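Subject: A structure for you to look at

Dear colleague,

I am handing over the structure below, and I would be glad if you could open it and keep it beside you while you read. My notes on what was found follow directly after it.

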Amino acid sequence: MRNIEGYPGIKVGGHNINNLRYADDTVLIADNTKDLQQLLNIVEEESRKKGLELNSKKTEVMVVSRKQIAPECNIFIGGTKLKQREQFKYLGTLISSDGRNKVEISSRIAQAKRSFQKMKAVLTNQCISIQTRQRALQCYIEPILMYGCEAWTISKQTQKNLEATEMWFIRRMLRTPWVAKK
């Protein structure tokens, strides 16, 4: 991976980023197909020197684009064309080719609500102070809801959905009915 440090990627905060690594998961990032193929060729060659081989069945390509239909990306490993995906999970977060996170945010909301229901006995218990219940909500439920939020693209609709989820938690903690005018 040291051999690809000088090659083009994308600029983030003035720094060139052409790969993301976590344990054995690696993402190569480039601005265009030519640069991505060049990065992949270098990784493949250096891996081969160390006795490693890239698995073309497990290696996939995704184009992140604002266009309605993502452009086709022809990337090859040893003559085998890699499969292009519309979305994939990386480190537990769903990444989609349109750059929006609607599906991921909906999934996070559902997971947080399930976790809230599991802790309902504690979070809605009137014998426990509201401050303690809010703290429990912040410690156990909000991290599930907001996991990976640093990479989300928030639209007005997804912001409303997140705010509605917060209100859903608070109403249940206070046992306030939906129709109450408070």
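Not counting residues up to four places away in sequence, Asn 101 touches Leu 94, Ala 151, Trp 152 and Thr 153. Please keep in mind, here and throughout, that this is a predicted model. Asn 101 lies in the loop between strand E10, residues 93-96, and helix H2, and it counts as buried because its relative accessibility is 10%, where the cut-off for buried is under 20%.

Another loop residue to look at is Thr 124, which is found between helix H3 (120-123) and helix H4 (130-146). Its relative accessibility is 8%, so Thr 124 also counts as buried. Leaving aside residues up to four places away in sequence, the contacts of Thr 124 are with Phe 116, Arg 133, Arg 172, Met 173 and Arg 175. Measuring along the chain and through space gives two separate numbers for Thr 124 and Tyr 140, since these residues are 16 residues apart in sequence, while their C-alpha atoms are 14 Å apart in space.

Phe 116, one of the residues that Thr 124 touches, leads on to the aromatic rings.

How many aromatic pairs does a search of the whole structure find? The search finds three. In one of them, the ring centres of Phe 116 and Phe 169 are 5.3 Å apart and the planes are at 20 degrees, so this pair is stacked, the cut-off for stacked being under 30 degrees. The pair links distant parts of the chain, given that Phe 116 is in helix H2 (residues 102-118) and Phe 169 is in helix H5 (residues 156-174), 53 residues apart. Phe 116 is buried, with a relative accessible area of 0%, and Phe 169, at 2% relative accessibility, counts as buried as well. The rings of Trp 168 and Phe 169 have their centres 5.7 Å apart, but their planes are at 75 degrees, so this pair is edge-to-face. Trp 168 is buried, as is Phe 169, and ring pairs link Phe 116, Trp 168 and Phe 169 into a cluster.

At the surface, Tyr 22, Leu 91 and Tyr 147 make a nonpolar patch of about 310 Å². Tyr 147 has its place in the loop between H4 and H5, and with a relative accessible area of 40% it is partly exposed. Met 146, for its part, is in helix H4 and is partly exposed too, with a relative accessible area of 33%. The C-alpha atoms of Met 146 and Ser 47 are separated by 36 Å, and the two residues are 99 residues apart along the chain.

Ser 47 brings us to helix H1, where it is one of the buried residues, among them also Asp 35, Leu 36, Gln 37, Leu 39 and Leu 40. Which strands are included in what covers the buried residues of H1? They include strand E4 (25-28), strand E5 (60-61) and strand E6 (76-77). The length of H1 can also be checked: at 1.5 Å a residue, the 17 residues of this helix (residues 33-49) should span 24 Å, and the end C-alpha atoms are 24 Å apart, which agrees.

With best wishes

Definitions and conventions
Residues numbered from 1 in each chain as written. Predicted model: local features only at pLDDT ≥ 70, side-chain atom pairs only at ≥ 80, totals over all residues. Heavy atoms only, no water. Helix = DSSP H or I, 4+ residues; strand = E, 2+ residues; numbered from the N terminus. Buried < 20%, exposed > 50% of the residue type's maximum accessible area, 1.4 Å probe, protein only. Contact = heavy atoms within 4.5 Å. Phe/Tyr/Trp six-rings, centres within 6.5 Å; stacked < 30°, edge-to-face > 60°. Patch = residues over 30% accessible without salt bridge, like charges linked within 9 Å, V, L, I, M, F, W, Y side chains within 5 Å. Areas by Shrake-Rupley, 256 points an atom, 1.4 Å probe, with all protein chains shown as cover. Salt bridge = Lys/Arg side-chain N within 4 Å of Asp/Glu carboxyl O. Expected span 1.5 Å × (residues − 1).
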